[in-house]
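This report describes one protein chain for a reader working at the bench. Please keep the sequence and the three-dimensional view at hand while reading.

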Amino acid sequence: MAWWSRLLGRGGAASPGSAAGAPSPRAERGESSAHLAEFARTRVGVEAYLEPATNDTGLTLLLIATDGEWTRRRVPDARTARQFAQDLAMPFYDVNFTGYPQRMRDYNARQRAEEKARRRR
C-alpha cells in the first residue's frame with residue numbers, strides 16, 4: 001500500500017510533482033505572507049483585492065499601491081485574506097464585485113511601453 005500513499009501524497013515520500021527539498025505548504029504561506037506584508041509596508045496607499053480561483057491558480061490576494069504597482073500571492077481562503085488586510089489596516093475588496101482599479105491597468109500599460117522602448121534600444 002505504500003505506492004497508494006505516495007500517489008495520494010501521504011507518508012514520508014515526496015508527493016508526485018513535488019521536487020525534493022521543495023518548501024512545505026506552511027513555509028510557502030509564510031513566505032507569501034512576508035512578501036505581501038513587505039509590499040504593503042514599503043508602498044503608499046495599498047489596497048487588497050481578493051481574486052477568485054481559476055483553472056491555473058487558486059484563490060489569490062492582490063495588493064495594489066496608489067501608483068498602480070501590484071503583487072499577488074495565493075491564499076488558502078477568503079477569510080484568511082480578509083484577516084490579513086484587516087491586520088495591516090488596508091481596505092479589502094472582492095474583484096468579482098469591484099473589478100480591477102484603473103490605476104493597475106495604467107501601471108501595466110506603462111510597464112509594457114517601457115519594456116518595448118528598452119527592446120528598441
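The sections below go from the chain as a whole to its strands, a pocket and a loop residue.

## The chain as a whole

The model is predicted, and the values below were computed from it. Its secondary structure comprises five helices and four strands, which follow one another along the sequence in the pattern α-α-β-β-β-α-β-α-α.

Of the 121 residues in the chain, 23% are buried, and the accessible surface amounts to about 8,600 Å², with 52% of that area belonging to carbon and sulfur atoms. When contacts between residues at least 6 apart in sequence are considered, 50% of them join residues that are at least 24 apart.

## Strand β1 and its two partners

Strand β1, which spans residues 47-51, is mostly covered, with five of its five residues buried. The side chains are divided between two directions, E47, Y49 and E51 pointing one way and A48 and L50 the other, and all of these residues are buried. The buried set on β1 thus includes E47 and E51, both of which count as charged.

Two other strands pair with β1. With β2, residues 60-64, the pairing is antiparallel and extends over five bridges, whereas β1 and β4 run parallel and are joined by three bridges. Y49 has a counterpart in each of these partners, for it stands opposite L62 in β2 and opposite Y93 in β4. Another bridge to β2 involves E51, whose partner there is T60.

## Strand β2 and the hairpin with β3

β2 is largely enclosed by the rest of the structure, because five of its five residues are buried. The cover extends to both faces of this strand, with T60, L62 and I64 buried on one side and L61 and L63 buried on the other.

Besides its pairing with β1, strand β2 pairs with β3, residues 70-74, in the antiparallel sense over five bridges. L62 stands opposite R72 in β3, and L62 also stands opposite Y49 of β1. The hairpin of β2 and β3 has five residues between the strands, and within this hairpin G68 takes a positive phi near 100 degrees.

## The second largest pocket

The second largest pocket holds about 150 Å³ of space, and its lining consists of R29, S32, S33, L36, L61, R74, V75, P76, T80, A81 and F84. Two elements, α2 (25-42) and α3, each give two or more residues to this lining, with the largest share, four residues, coming from α2. By residue class, the lining divides into six nonpolar, three polar and two charged residues.

One of the lining residues, S32, has its place in helix α2. S32 counts as buried because its relative accessibility is 15%, and buried means under 20%. Leaving aside neighbours within four places in sequence, S32 is in contact with R73 and R74, and R74 is itself among the residues that line the pocket.

## A loop residue with positive phi

A89 lies in the loop between α3 (78-87) and β4 (92-94). The phi of A89 is near 55 degrees, which is a positive value in a residue other than glycine. A89 counts as exposed because its relative accessibility is 68%, the cut-off for exposed being over 50%.

Methods:
Residues are numbered from 1 along each chain as its sequence is written. This is a predicted model: local features need pLDDT of at least 70, side-chain atom pairs count only at pLDDT 80 or more; totals for chains, interfaces and linings use all residues. Side-chain values use heavy atoms; hydrogens and water are left out. Buried means under 20% relative accessible area, exposed over 50%, partly exposed in between (1.4 Å probe, protein chains only). On a 1 Å grid over the protein atoms alone, a cavity is a set of points where a 1.4 Å probe fits but cannot get out, and a pocket is an open set with protein on both sides within 12 Å along at least five of seven lines; lining residues have an atom within 4 Å of a point. Grid points are joined across faces, edges and corners, and a volume is the space filled by probe spheres set on the points. Two strands pair if DSSP finds at least two bridges between them. Contact means heavy atoms within 4.5 Å. Accessible areas come from the Shrake-Rupley method with a 1.4 Å probe; for residues, only the protein chains shown count as cover.
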